[in-house]
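Got your viewer open? Take a seat and follow along, selecting each piece as we come to it.

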Amino acid sequence: MDWNSRASAVWNSLYKFREQNRENMMQCIFLLSDSGEVLLEKQLTGHRVDRAICDWFWDHILTQGESLKLVPVIASPTHYLFQVVREGITFLACTQVEMPPLMAIEFLCRVADVLLNYLDGLNEDVIKDNFVIVYELLDEMIDNGFPLTTEPNILREMIAPPNIVSKVLSVVTGSTSNVSNTLPGATASCVPWRKTDLKHATNEVYVDLVEEMDATINRDGNLVKCEIYGEVEVNSNLSGLPDLTLLFANPSIFNDVRFHPCVRLRPWEANQILSFVPPDGQFTLMSYRVKKLKSTPIYVKPQFTSDSGTCRVSVLVGIRNDPGKSIDNIAVQFKLPPCVKSSDLSSNYGSVNVLADKTCSWTIGRMPKDKAPSMSGTLVLETGMDRLHVFPTFQVGFRIMGVALSGLKIDKLDLKNPLSRPHKGFRALTRGGEFQVRS
């Protein structure tokens with residue numbers, strides 16, 4: 001079967017699926033600001049969803065508390081609501097019938113990622129300044145409530161990203177459309193995430209392992225939870241239609257994995273091999289999670305001693321498990337208890353700042369080799385309080401270049417039938433995620 005026949009079969013299958021599941025699609029998407037204002041409304045089907053559902057949703061948030069923003073699926077009296085929050089913007093999808101919740105949530109995440117990629121930022125002002133492009137993107141990304149084109153590389157061929165030149169031309173010509181007059185050739189191929197007939201002067205592909213460590217350490221210094229959430233990010237600049245194979249030295253460490261649509265599932269399920277035809281440019285090939293790690297690279301030891309209306313604070317930071325590379329961008333942040341009237345804190349390394357909302361930020365930077373950073377000082381409690389009864393939780397951030405703390409290692413990256421010998425590169429980075437130390 002040639003490629004055109006395969007593409008036709010794919011589109012026929014997609015059409016049949018849409019017809020069979022027409023009632024199970026999203027009916028409307030709203031974009032809400034952090035104050036509840038409706039920034040954008042996109043009706044997706046013939047059934048119109050009243051904007052009053054946003055008022056119900058926001059009243060429900062205010063009534064139930066901010067923790068409800070972490071709940072991805074909410075059932076209202078009339079609709080099922082799916083929400084994703086990014087940079088203070090709430091992406092809200094509505095439907096009146098049951099549908100696969102992960103499809104709606106994943107699509108909202110894709111919309112947020114595409115807008116962030118297109119607009120170089122995501123906030124209320126950016127959305128308002130680029131209404132036209134946001135609507136045009138949604139028109140291409142979803143059709144009659146069913147996700148369609150979500151690959152950023154193809155969308156960039158269809159809709160030009162905003163720039164100063166395009167804005168000036170729209171003012172001069174009066175035309176506000178950014179949609180191309182021609183359909184990208186990749187939309188009719190069996191690899192719709194990649195442009196056709198790509199040519200690069202230099203063939204190169206780079207693979208980055210980017211990991212975040214989430215950890216919880218109790219007041220006794222014991223590790224309660226420690227896991228890694230990581231992504232394999234690829235920057236591909238290869239000519240033609242490359243077919244890549246990526247092998248890991250230790251794929252058995254993965255607990256959960258999630259792949260880009262370009263990854264073939266059968267080689268992974270059979271031999272834990274990533275076989276794929278990559279999109280052009282930067283993309284996330286896969287994400288993964290590694291649970292139950294036994295140690296963290298640094299320790300934070302807080303100590304509070306209070307008596308007679310004052311509290312003595314001492315915080316030590318040091319290396320617990322040397323990763324073999326320098327640890328930098330170290331920052332420790334915690335919020336002073338409400339009963340603290342004033343504070344006097346200082347450190348022997350880095351800088352300490354206490355903000356108006358009583359958030360204390362200690363910026364250390366790179367871990368010194370000759371001494372362990374420490375912060376100390378005194379907290380003055382409100383009148384009538386002798387001792388401190390509420391103790392803060394410390395948020396810790398750090399970065400380690402050149403190391404994947406999960407232990408994941410890339411064995412090799414092969415390219416089948418290359419037009420020319422490609423240049424390949426590999427890097428690793430680990431940073432602190434939800435790294436908490438309780439006191």
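**First stop: a helix and its neighbours**

Select residues 131–141, which form helix α5, and color I133, V134, E136, L137, L138 and M141: these residues are buried. Keep in mind as you look around that this is a predicted model.

What do those buried residues of α5 pack against? Show β2 (38–43), α3 (101–119) and α4 (124–129), then add β6 (142–143), β7 (146–147) and α6 (152–158), and you have the elements they pack against.

**Zoom out**

Now show the whole protein as a cartoon. You're looking at 8 helices and 23 strands. Of the 439 residues in the protein, 44% are buried. If you switch on the surface, the protein exposes about 22,900 Å², with carbon and sulfur atoms supplying 49% of that. Contacts are worth a thought too: among those between residues at least 6 apart in sequence, 69% join residues at least 24 apart.

**Second stop: a sheet**

Next, pick out the open sheet of 9 strands. Walk across it in this order: β11-β13-β9-β8-β23-β21-β16-β19-β18, and notice that the pairing is mixed. Which strands stand at the edges? They're β11 (256–259) and β18 (351–354); each has a single partner strand, so one side of each is left without a neighbour in the sheet. Turn the view a little and look for the twist, which averages 15° from one strand to the next.

Here's a bit of background: strands of a sheet pair through backbone hydrogen bonds, either parallel or antiparallel. For one pair to look at, select β8 and β9, which run antiparallel and are joined by 14 bridges. Click E204 and you'll find N237 of β9 standing opposite.

**Third stop: the loop between them**

Stay here and select D220, in the loop between β8 (204–217) and β9 (223–237). Is D220 buried or exposed? D220 counts as exposed, because its relative accessibility is 61%. Now draw a distance from the C-alpha atom of D220 to that of V437: the two are separated by 9.8 Å, although they sit 217 residues apart along the chain.

**Last stop: cysteines**

Select C226, which is buried, because its relative accessible area is just 3%. Then jump to C28, which also counts as buried, at 0% relative accessibility. Why is C28 not bonded to C94? The sulfur of C94 is the closest cysteine sulfur to that of C28, but they are 5.5 Å apart, which is too far for a bond. In fact, a search of the whole structure finds 0 disulfides.

Key:
Residues are numbered from 1 along each chain as its sequence is written. This is a predicted model: local features need pLDDT of at least 70, side-chain atom pairs count only at pLDDT 80 or more; totals for chains, interfaces and linings use all residues. Side-chain values use heavy atoms; hydrogens and water are left out. Helices (H or I, at least four residues) and strands (E, at least two) are DSSP runs, numbered from the N terminus. Buried means under 20% relative accessible area, exposed over 50%, partly exposed in between (1.4 Å probe, protein chains only). Contact means heavy atoms within 4.5 Å. Accessible areas come from the Shrake-Rupley method with a 1.4 Å probe; for residues, only the protein chains shown count as cover. A disulfide is a pair of cysteine sulfur atoms within 2.5 Å. Two strands pair if DSSP finds at least two bridges between them. Axes are lines fitted to C-alpha atoms, for helices over the stretch in contact, and angles run from 0 to 180 degrees between N-to-C directions.
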